[in-house]
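Here are some short exercises to work through with the model open beside you. Try each task before you read its solution.

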Amino acid sequence: MYDVIVIGGGPAGINAAIAAGRQQMKTLIIERYGFLGGMSTAALVYPWMTFHNSQGDQVIKGIAQEIVERLMEHGGSPGHLRDTIGFVYSVTPYHPEIYKVLAFEMLREANVDVLLHSYVDEVETDGDRIQSVSVTGKSGRRKLTAKVFIDSSGDADVAYLAGAPTVKGRESDNRTQPLTMKFRMRSVDTEKIKAYIKAHPEHFYEKTLVDRLDELPLTAVQGFYPQWEAANLPINRDQVLFFIGPEKDEVLVNMSRVQGYDGTKTEDLTLGEYEGRKQVLMIAEFLQKHIPGFEQASISNVGTQIGIRETRRIIGQYTLTKDDVVHARKFDDVIAKSGYPIDIHDPTKKGLQVAFVSGDGTFDIPYRCLVPQKISNLLAAGRCISTTHEAFATTRLTPSAMATGQAAGTAAALAIREGISPGEVNINVLQDQLRKDNVVL
């Protein structure tokens, strides 16, 4: 038997397992792929943004910051950079292959067992407690037990299988933000792109920092509106969007939009994967023919799987709302902060819905958002914490997922040590421990 089992080896799960392991808990992390990193590696979600608020204050640190610093030591990240779009305060480029190895090493340092190529497909409960999870892999099927489970699957898979209340997508019709197949291109002339932006600033997002492109590294490009409109591709998106890196001649393209599919249904995912890869080929050809700097570029990498923005979320002891985010609300049981604005990719239309955080630019994420209803020995972390559809559009971002993961792993350890359920953890004790571990509260 384990003390803590973490299901899902993405950024939230990695940080949760490290946190629990460092608290001397016998911990296991389960991941379906043959590598760690979740959407950051399997779906090429890049870069990480944002660790800062609109005032320039870093509001996410802890294990997440430690990962960035260790990536920097290995040549896997330049650290936090000012975003040239001006949409958020910072972006954090990283090398996904270095991150895969570093995450594994940090888990081992924390004495965490790692089980790859394994998929949780059944949860056994007794009353309000999970007794075991069934894992299927190359070795067959087996049951694994723990005192506390952490659902960092992104899709609330464990909570759903355990019978905890969940919700999917927006409240009015359960539609979710679109899927996106991301891809990289190499041999891109980024200096040519920068020159075009300076010559035609009106073709780009209004907050692009055109006047500072000589002093800031070009990190993101959002615009080329005339070219995109003239191309009239059958993709329900209104702009070109790509990010530079990790190499100087490399970009990560975030432009496909696959709408109308449910990321929790195998049949929908099958069709979505096909549609996403078709769009990648169309977009690459468009960039090569119509965007300065892409004339010699070619596709170098496509996501192992299509990127999933939104599926299920738990219904927790508290549900974070849009008002909480935009009014920079503070909570007594805060376990993480974020400064990222609400950023909703419309489930059916072309555009984005954006709402910025007012006041000091920072909102709190309460511990109660990690605590599901009905199941007493389960916590959620990452994309599947308890929020509304609107608030989810900020908490889904990677740094926030890392922060909630660290909180969940720490809380699980405290609960086990005290012989109580995670929902009974003394919030002051939890917050004290998080502060000791360099978390900003």
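**Exercise 1. Find how much surface the protein chain offers, and what share belongs to carbon and sulfur atoms.**

Solution. The accessible surface (Shrake-Rupley method, 1.4 Å probe) comes to about 16800 Å². Carbon and sulfur atoms hold 46% of that surface.

Before going on, note that this is a predicted model, where local features need pLDDT of at least 70 and side-chain atom pairs pLDDT 80 or more, while totals for chains, interfaces and linings use all residues. Residues are numbered from 1 along each chain as its sequence is written, and side-chain values use heavy atoms, without hydrogens and water.

**Exercise 2. State what part of the protein chain is buried.**

Solution. Take buried as under 20% relative accessible area (1.4 Å probe, protein chains only). Of the 441 residues, 61% are buried.

**Exercise 3. Compare the radius of gyration with that of a compact globule.**

Solution. Start with the rule, taken over C-alpha atoms: 2.2 Å times the number of residues to the power 0.38. For 441 residues this gives a value near 22 Å. The protein chain has 21 Å, which agrees. Next, look at the box filled by the C-alpha atoms: roughly 65 × 45 × 45 Å along the principal axes.

**Exercise 4. Work out what share of the contacts join residues at least 24 apart.**

Solution. Count a contact when heavy atoms lie within 4.5 Å. Keep those between residues at least 6 apart in sequence; among these, 71% join residues at least 24 apart.

Conventions: Buried means under 20% relative accessible area, exposed over 50%, partly exposed in between (1.4 Å probe, protein chains only).
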